[in-house]
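User: I should like to go through the model shown below by question and answer. Please give the reasoning before each result.

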Amino acid sequence: MKETELDKTRRYLRAVAPLDLPGVPAETHWSVYQWLPAFEAWATGISLCGQSMRQGPLPAGTTVSCMQCEEWRPRYERMLAPGYRPQDDDPELLRHRVQLAESQIESVRELVAQWGAAAVDRPDAVILVGVAADVLSAALNRAVGR
Ligand SMILES: [Zn+2]
């Protein structure tokens, strides 16, 4: 993809070079690349590890050698992906969702056990698939509090 085809509402990760100063290691880093409406231009910022960088991305495919930037990369990739929701990085919310999912599974398990017990008591019992789906759906909605 050519840089001119980038979505100006999105931000991207790009490899960048450090400032050309004595004592600054010649490592490559990751930086967020975004459209700046005020300047009508794409620009890179500081590195993910927090250092000042030369302006502008390095060519696509450039290897990033800074290990600190590499450690941050997966998190930034998630944050910069379309459809990212900040709560996806909230451990409390994620824990709550797992508990909710577990309670849904538990109520489905109980329901299936009830059906099994009912079938044992009444060998002639026939539960139509549609009715079973409705009951299952109601149980799941109850589990998520709808
Ligand atoms: Zn770095």
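User: Which residues make up the largest nonpolar core?

Analyst: This is a predicted model. Membership of the core requires a buried residue, that is, one with 20 or more other C-beta atoms within 10 Å of its own. The largest nonpolar core holds ten residues in all, and strand E1 (residues 11-16) supplies the largest share of this core, three residues. The members are Leu13, Ala15, Val16, Ala17, Trp30, Leu48, Met53, Val64, Cys66 and Cys69.

User: Which residues does Ala17 touch, not counting residues up to four places away in sequence?

Analyst: Ala17 belongs to the largest nonpolar core. With residues up to four places away in sequence left out, its contacts are Thr28, Met53, Arg54 and Leu58.

User: Why is one side of E1 and of E3 left without a neighbour in the sheet?

Analyst: The open sheet has three strands in the order E1-E2-E3, with antiparallel pairing. E1 and strand E3 (41-47) each have one side free because each stands at an edge, with a single partner strand.

User: Which residue in E2 is the bridge partner of Val16?

Analyst: E1 pairs with strand E2 (residues 29-36) in the antiparallel sense, over six bridges. Within E2, the bridge partner of Val16 is His29.

User: What angle does the direction of helix H1 make with that of E1?

Analyst: Along the sequence the protein follows the pattern β-β-β-α-α-α. Helix H1 (residues 67-80) packs on the sheet and touches E1, E2 and E3. The direction of H1 makes with that of E1 an angle of about 160°.

User: What percentage of the 146 residues is buried?

Analyst: The count covers the whole protein of 146 residues. Buried residues make up 12%.

Note on methods
Residues are numbered from 1 along each chain as its sequence is written. This is a predicted model: local features need pLDDT of at least 70, side-chain atom pairs count only at pLDDT 80 or more; totals for chains, interfaces and linings use all residues. A nonpolar core is a set of buried Ala, Val, Leu, Ile, Met, Phe, Trp, Tyr and Cys residues joined through C-beta atoms within 7 Å. Helices (H or I, at least four residues) and strands (E, at least two) are DSSP runs, numbered from the N terminus. Two residues are in contact if their C-beta atoms, placed from the backbone, lie within 7 Å. Two strands pair if DSSP finds at least two bridges between them. Axes are lines fitted to C-alpha atoms, for helices over the stretch in contact, and angles run from 0 to 180 degrees between N-to-C directions.
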